[in-house]
Amino acid sequence: MDWNKVREIFENFSLERVLPAIIILVVGLLLCKLLLRVFDTTMKRSKVEKTALTLLRACLKFLLLFVLVLILCGMVGIDVTSLVALLSVVSLAISLSVQNALANVVSGFILLLTHPFKVGDFVEIGLQSGTVQELGMFHTKIVTPDHRQVDIPNSNITANDIVNYSVLGKRRVDIVVTASYDAEPELVRQALLAAADRPSVLQEPAPVVYLSAYGESAIEYKLLAWSKTEDYWDNYFG
C-alpha cells in the first residue's frame, strides 16, 4: 500500500473542502429523493408493469447516487478517474461471471416493456404451452393444461416465437373425427354441427365441417368452431 498517497488524501480533507462536501451531500440526497418521487408520480400514470417500474427505479437511484459520489470525491480531492476505472473493471468481472443471469434480466425487462403476454394469458413458447402465472425478472412461470408448472428462462422466451392464444379473445376449436365409408357424409356433417350447437360455442363465425381426408378404412372429418378463450378447453373436450 502506498502510504504517501493515503497520507496525501487525508491531508486534502481540510475543513474548506469537507464542509462544502457535507452540504452537497445533504442537498444531493434531498435532490435524489425529489427526483425519485417525481419518477414515481410520473410512472403511476403509465402502463408499464410494476416489475419494470421497480427495476427502472432501482437503476435511476443507483445512477443518481453514483453521480453524487463522484461529485463528492472530486470535491475532497480523491482521483475520480482511478475510481471510475476501478468500477469499470469490477463491473466487467461481475458481468462476465453472471452473464446468463444478466441476459435473463434484460430479456425480462424487454418482455415487460413490449407486453407480448400478461398474467392469465394462454401462450405457446417453443415446445411449452400453458397459462402464464408469473412474469419475473429471471424466469416466467406457466402452468400447462395437465397442471405442471414450468419455469422458462426469460432469455429463452425472447429467443423463441411467442404464440398468444388469449390476446384476441377467442380461439378456434378444431375437432377431428372419423366415420366409416358406409356413413352418409351429410348425416355425419349434420351430427357434428349438432354437437357444436351449444351456448359456449360462438355462432359468428358459424361452425363448419370439412371432409379432410380419405383413410384406408374411414373418412376423416374436421369440425371448426369458434369459442371464447376462457371456454376453449370445455368446448374442446366437451
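R172 is partly exposed, with 39% of its relative accessible area open, and this residue makes a good way into the predicted model. Its side chain forms a salt bridge with D174, where the closest N and O atoms are 2.8 Å apart. From there, the briefing moves on to the other charged pairs, the strands and the nonpolar cores.

**Salt bridges**

- Across the whole structure, a search turns up 5 salt bridges, and the pair R172 and D174 is one of them.
- D174, the acidic partner of R172, is also partly exposed, at a relative accessible area of 28%.
- E134 and K141 form another salt bridge, with 3.8 Å between the closest N and O atoms.
- Both ends of that bridge count as partly exposed: E134 has 40% relative accessibility, and K141 has 26%.
- K118 and D121 also meet through their side chains in a salt bridge, at 3.3 Å from N to O.
- D121 is buried, with a relative accessible area of 5%, because that value falls under the 20% cut-off.

**Strands and their pairing**

- Strand 1 (residues 122-125) runs antiparallel to strand 2 (residues 128-135), and 4 bridges join the two.
- These two strands form a hairpin with 2 residues between them.
- In the turn of this hairpin, G126 has a positive phi of about 65°.
- I125 of strand 1 stands opposite Q128 in strand 2.
- Strand 1 is also joined to strand 5 (residues 162-164), this time by 3 bridges, and the two run antiparallel.
- In that pairing, V123 stands opposite N164 of strand 5.

**Nonpolar cores**

- The largest nonpolar core holds 13 residues, and F117, V123, I125, I142, I152 and I157 have the most contacts inside it.
- Helix 5 (99-114), strand 1, strand 2 and strand 4 (149-153) are the elements that give two or more residues to this core.
- Helix 5 supplies the largest share of the core, with 3 residues.
- In soluble globular proteins, nonpolar side chains tend to be buried together.
- Leaving aside residues up to four places away in sequence, I125 touches F117, I152, I157, N160, D161 and I162.
- A second core, separate from the largest one, has 8 residues, among them A179, V188, I219 and L223.

**Where the topics meet**

- I125 is worth a look in the viewer: this residue stands opposite Q128 in strand 2 and is among the residues with the most contacts inside the largest core.
- V123 likewise belongs to both topics, standing opposite N164 in strand 5 and appearing in that list of core residues.

Terms used: Residues are numbered from 1 along each chain as its sequence is written. This is a predicted model: local features need pLDDT of at least 70, side-chain atom pairs count only at pLDDT 80 or more; totals for chains, interfaces and linings use all residues. Side-chain values use heavy atoms; hydrogens and water are left out. A salt bridge is a side-chain nitrogen of Lys or Arg within 4 Å of a carboxyl oxygen of Asp or Glu. Buried means under 20% relative accessible area, exposed over 50%, partly exposed in between (1.4 Å probe, protein chains only). Two strands pair if DSSP finds at least two bridges between them. A nonpolar core is a set of buried Ala, Val, Leu, Ile, Met, Phe, Trp, Tyr and Cys residues joined through side-chain atoms within 4.5 Å. Contact means heavy atoms within 4.5 Å.
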